[in-house]
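Student: I have the sequence and the model open side by side. Could you take me through some of the labels and the reasoning behind them?

Tutor: Happily; let's look together.

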Amino acid sequence: MSTFAEQYLKLLQEQRQADLFPLLQTLTDAEKKKFVPELKKLDTQYFKYEIIGKSKWGGDEYGFKSTDIQRYILNITHFVVYNRKDFEKANSGSVIKKKVLDTILPWHCPTWFSDYMNSFGGNEFIPHFIDYEWYMELVEGGYVTESASLIARILPRAIFKPLDRGQAYHPELLAERPVTLQKHIWYIFEHGGEVHWSDGNEQYWLKTFKDFCERGLLERSRVLKEAAMCFNRNFNQSLAGWFTNLLVYLEPNKAELIKLQSILLNTLNSPHSKPVNTVLKLLKDIAGDDGFEQDQFIEHCPLVLSSDSKTTVTNTLMILEKLAKKHQNRRNEISILASQALIHQDDKLQVRTAKLISKYADSTSLDVWEAVSAYQQGLLFEARTILEPFLIPEAPADDEAAHFNLTTEPAEREPIPFPKNFDELVYLASQAFDQNEAYHFDLLPAAILSFQHEMTEDNIRKLLPAFQRAFKTTTGDWVSDRGYLDSLLSKFLTSYGLLLIKFYPSAAQSFKDLYDDHLSKLKEKNQDTRWFESGIKAWEVYTHSKGYKPHKHILLNAFWALEHNLQVPLLSTPTHQPSLVDVKELIRRISVYQSRNTRPGLMDYQVAVMRCFADNRDEAISLANTLLRGESRQLIGFILGEDHQPAPQHHLQPVWLAAVLTHRRHLINQWAGYSKWSEEYLLANFSWSSYIEHYEQDRYNYQTRVNEKIPATREAVIVSIDKKEATPVISGIKSLWNKLTGNKTAAAYEEGYFDFVELKYKYISAEQNDIKRLIYLSPHWPEHWLMYINKDAFRYFDLQGENDKKLVIYALEALMTLKYNYGEAGHLFIATCMLLNDKTVRLYAAELWIKGVKEQTLNSKKLGEIIGKHEYNGLAPLKRFTDLIFSGMLHISPVHDREMEQLLTACISSMNKKPVNNTKKLLDIYLEVLAANKQPVIDAQASAILTEWEKSGNSLTAVIGRIKQGFSIQKS
Amino acid sequence: MSDTLTYQYNQPSSLSKVNNSDELFLAQYSEVQKKDASCFFWGKLTDPYVVSRCLLTLSNVVKSSFSLSPFDLMMLKDPIVTAGNEKIRFEGFSHCAGVYARVDVLGDGHDGEFLENGTTNVDFNQPMLSALSSVRRNEEVLLSIGKKEVTLHREEGKVVERKVPLPTKWIKGLTSVQVFLSESEPACKFNRLQAIQLFKSIPPGKPKTDYYLLVRGGKPMFSPVQAANAITVGGVHRLKLIEPLLLIADQLQVFAHKNQQSTTWQVYIGAVRFSLSISRDAWRGFSGEGAALESLIEDVPENWIELMDSYSYANQEFNPTLLAVNEGLDLKKVENLTGRLSAIGLLGFDLDDNNFFYRRLPFKTSRILTLNPRLKDAEKLIAEGKVQIKSNTGNRIEAEVEGSGVHHMVLLENGQERCTCMWYSKNQGERGVCKHILAVKKLLAN
């Protein structure tokens, strides 16, 4: 007699399916256990997915070598022999079918079968073949213990019979077993399940419940109660919504609602707005009735009065109104409660609340008075007018308070510490690539220059970690917070290291070892080493954006001094936050060059001049008189206000130009000859327009299988920068001749900062991490940079990606640290930011406005015009702007309110005659500001637009009417 | 992570009707306590509605994750509860370990017996939470943490076992967050109205930039622009977790860390307090900050834990001097004792009382000690002889520590410590010291 394993193998090979059951039935539990390893071996062999031949296209064809029958035999055997873990691992779920199991279960039911079946209740998807009918048969057969969570999930499908296509509705199936309606149907309410999408929005389940209640098969009061309880069972939004629909569908009458009210009131805790609003509507119906639990409702009110949903608040107020009408003795209490709705900066809600309070509350009650005045600051004009008897009279505007912000004293300047000893240089160098501070870029070359004669063996060794960081920054993977300038700085440091080898071969041996080691590692990895080995002079950014040249030139200036062992400082190293140079320090630095008979680097000089400030002019002049001579003395004098004219003997032409454009812009027409660029360009004047652009979009047509051009629209802000040369261009041949002969007549021009200032990119890559340092090149007047940001970042108006967002945010951050009179570019930048698709950007722009008004550096009217123009062209929803004003631009100070009025007047004047969405909100704010300033509308253009809007005959009429009535100081 | 933690509850937690009143039964399990779990608390809740709202919020914190860690998101970690000294405290962490939440049910918040003192994990299952959300005001609810009468709940006799990947971040966060709390100061207080107004100014979405809490014209608001005296809040959207509680709050108090490395938002509702502490940024967990590292430089004598256990009981205010006197410890050795004990999971911090309280985490101490890779790295550096003290003049110590390919210079000068490594350069000491400084300090200490 052969063993079981042998018999089984034979059966499997011969595919004798009919003999399988009798054979398996002979197995005892111990034998099954023994057979498991054998079976696993067979699994490996028979379920191997492998190459079984060639496909008709010539490739390999994959499949099983075993037959379907053999695999079926194995699957059945798994069910009988394996434990649950092995069964699940063997992936034999295909036997879990009524047809198959009906033949096995009568003679074998694995101990794990019940748990296995019930575990489907916790799975995301339940196989369609596990239906209620079969599951109940299994329960009744004693094979499975009933699981409420699984039933709750499969019962929703039980009222349907599958057809060839779709399914047929058979609610009577539910009545087949008494337990279904007595017990199981309630599991749906307790466990949720998929009842909300099981009937494909056809409302079959709603009908079933209604029908069964009417026929007395289900207890109506229980269905209502259970449905109401589901609103707040932590169910997801759509499921909670479905139960809400069920309750509404059953049309509960008033008596039923009264009975349900305590459950319904608890719904107000629900995080979903649909059940909350439905319940409030239902409660509204019974609020006037005698059985209404007003105490409980009042207790729950705070939960809904501060809701973000306007409907919720309105409904609550309506109920409170009903209660106030009915219960005379509770009117003050209800009014105090209702006052919580005044927190919403919404005219309609505030007016409704105000009306309720003024109608029912006692204006002499201290409690009401206290409650209402808590919201006084945020009250809008109309609500405030209604609530006047309940408010603390406002103190007349204090003149001092009104002018508190008009101080123009020099701000407290925060000095930037310069490394005092070599150790401090070491710690500066090791963090120079981390951008902990924007000025570290400037500080590092300056500090190296300062300590260049302390490069002993020990000290060089201390710098090795910084050199290592530089190598890794140059050749390692790009990281998201690195800018191109970090790469530039790393090349500078590496080049300096190589210089050390040249100067101090033995002291710098440790650096050489580190360098060689890094180089050999690169070679091992087959990396191109040319970039690593090329020095700082070869550095270039791949976009060829000239904007990086000023930084590079300053580093080259420093490198030149190091190469020549010159102990001179860099002129442009900032002395004060964020990137300013004290003019006295600048004078001292220039004098060092003069005493060494050396000229400072032109770019270094220009940037220093653009960064310099003078808090005490006389002191600076006298210091300059003592320390400086010649052209530099004149130049410093010019910055400090002295009169000087262009002169042919000037060597520092680009520096003079930088001084004019930074400190004495009104004199530009005298000095424009020092640049080849037109005056317009030098003054960062540009033209712009915003509109909805029509273009053709590529779309794939699945029918024709080709890309098609589809007309589409997009928002656009087009900035045209007219970078024109004022002096005639040198002809091609002449320039070639100059190149060949080494004639450098145009050299002075090419050294100019204004030749280079530009931001050029097609797809932003790392520019966002450099923008602050670029802006800080000219902290007194960064208009050119803003002009280029306007051009590229707002091309399609809204910010597209995270990097664009960062570019704008970092630029805004930099502007927050500066104080200068904004030009065209600054205004366009701030105004556009107020409407963009990112709240942080908008809030920043608002803060810049607040700061700009305080420091008198911007023109609110101009901002208003730009916003109005953008709105005229439909670039952004007006809501972004109105929400921004509500979030913190109103009533900052009387001066801010006056500026806000100018901004809004200009904005309205520039808007379309046909009002856009949310114009009502804008007008509410305008009314608010006019009331605060006690001003009428005097601007003719704004009045005309208001008249046009009034004609549109919608909700604007009332508010415009009120605006036109005007306010005057006499009235108050 | 191969290590797993297995919660073994004798039965699931539940909210059920017993004798006409609801009973909130919380099943408990502790790795360090005896297996035949006992009952910590049994009694009535004064305001069950508030407690259940707070527990739901806590469960939302535990369920949340603010950094990109979809892995094991479904594996919920259960909160832990500490009962004793008339207080019941539930605490837990978000998945990313950047948000810490604690519910304190104070003396007036309950009326019952503390049958045992201690800290334990409690089972938070979905059906129990669903039931919790239907608890109404003025309802009577009994709370029992652990089984009072063993026979009563033996109906099913099945052990609820849930395996979760060992919550390293969690445990580490729990030991580190106490350091942040103890270094925080009260910054501002808001009434309900102001708090709601403030939370309405949280921008939508997940802002990546920092926001600052400032009060402008008497109105609190969040602004992206830093101002003087403003409190830095990174990952401000995480605060939305407590928004629902503000509606029933009496007061909101904000505590700010001395170096703006965390903020704690404490909501007061009657006799219940809910505190939410958020880390410096949404992507930073309290676990990785290394705040407790320096406290671990010196080894903790093993017998201390036993001493603490016998000396203190849960939630009791911790007084190091008293411990030293009573247990005959050398006071010099007890320097920074609180820091060291909280770093090994023996202490929690109460901001209102401004003191540490005894609470032994229900995890094996050996586990907690293995959680600090930076400390282990430092020990390795010393063992391999890679730390060299170059000069030591008392207030200036210069050392050289071998790193990968280079030697880092560590300088301890006038209470300031600096290193040339990347971690220090990037964080400037804000996120705990680097392994190099740690190694030098450890070498000097031993």
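**Labels and their reasons**

Tutor: In residues 412-664 of chain A, the span is 59% helix and 2% strand, and its end C-alpha atoms lie 24 Å apart. Keep in mind that this is a predicted model.

Student: What is the annotation on residues 412-664 of chain A?

Tutor: The unreviewed UniProt entry gives "domain: DUF7824" for that stretch.

Student: Why is H49(A) called roughly parallel to H51(A)?

Tutor: Start with the angle. Helix H49 (residues 919-933) of chain A packs against helix H51 (residues 956-965) of chain A at about 20 degrees, with the axes 10 Å apart. Angles under 35 degrees count as roughly parallel, so H49(A) and H51(A) earn that name. The crossing of H49(A) past H51(A) is left-handed.

Student: Which residues of H49(A) and H51(A) meet?

Tutor: From H49(A) come A:Thr919, A:Lys920, A:Leu923, A:Asp924, A:Tyr926, A:Leu927 and A:Leu930, and they meet A:Leu956, A:Val959, A:Ile960, A:Arg962 and A:Ile963 of H51(A). By class, that contact has eight nonpolar residues, one polar and three charged.

Student: And what makes H42(A) oblique to H44(A)?

Tutor: Here the axes of helix H42 (residues 783-793) of chain A and helix H44 (residues 824-833) of chain A cross at roughly 45 degrees and come within 8 Å. Roughly parallel needs an angle under 35 degrees, and roughly perpendicular needs 65 to 115. The angle for H42(A) and H44(A) fits neither, so the pair is oblique. H42(A) and H44(A) also have a left-handed crossing.

Student: Which residues make the contact between H42(A) and H44(A)?

Tutor: H42(A) brings A:Glu783, A:Leu786, A:Met787, A:Ile789 and A:Asn790, while H44(A) brings A:Ala825, A:Gly826, A:Leu828 and A:Phe829. These divide into six nonpolar, two polar and one charged.

Student: How do you know that A:Lys879 is partly exposed?

Tutor: Count the neighbours. A:Lys879 has 13 other C-beta atoms within 10 Å. Buried would take 20 or more, and exposed 12 or fewer, so A:Lys879 falls in between and is partly exposed. A:Lys879 belongs to helix H47 (residues 878-886) of chain A.

Student: How far is the C-alpha atom of A:Lys879 from that of A:Leu922?

Tutor: They are 8.4 Å apart, although 43 residues separate A:Lys879 and A:Leu922 along the chain.

Student: Let's move to chain B. What share of its residues count as buried?

Tutor: Of its 446 residues, 52% do. Chain B has 12 helices and 25 strands. Among its contacts with a separation of 6 or more, 71% join residues 24 or more positions apart.

Student: How many residues does each chain give to the contact between chain A and chain B?

Tutor: Chain A gives 41 residues and chain B gives 36. On the side of chain B, the elements with two or more residues are helix H2 (126-132), helix H4 (192-200), strand E15 (219-223), strand E24 (407-413) and helix H11 (422-427). The largest share there comes from E24(B), with four residues. That side of chain B has 15 nonpolar, 15 polar and six charged residues.

Student: What does UniProt say about residues 408-445 of chain B?

Tutor: Its unreviewed entry marks them as "domain: SWIM-type". Residues 408-445 of chain B are 45% helix and 26% strand, with the end C-alpha atoms 20 Å apart.

Key. Residues numbered from 1 in each chain as written. Chains lettered and ligands numbered in written order. Predicted model: local features only at pLDDT ≥ 70, side-chain atom pairs only at ≥ 80, totals over all residues. Axes fitted to C-alpha atoms, helices over the stretch in contact; angles between N-to-C directions. Parallel < 35°, antiparallel > 145°, perpendicular 65-115°, else oblique. Left-handed = near helix turned anticlockwise from the far one by under 90°. Contact = placed C-beta atoms within 7 Å. Nonpolar A, V, L, I, M, F, W, Y, C, P; charged D, E, K, R; others polar. UniProt positions renumbered as here; feature names shortened; annotations may be inferred.
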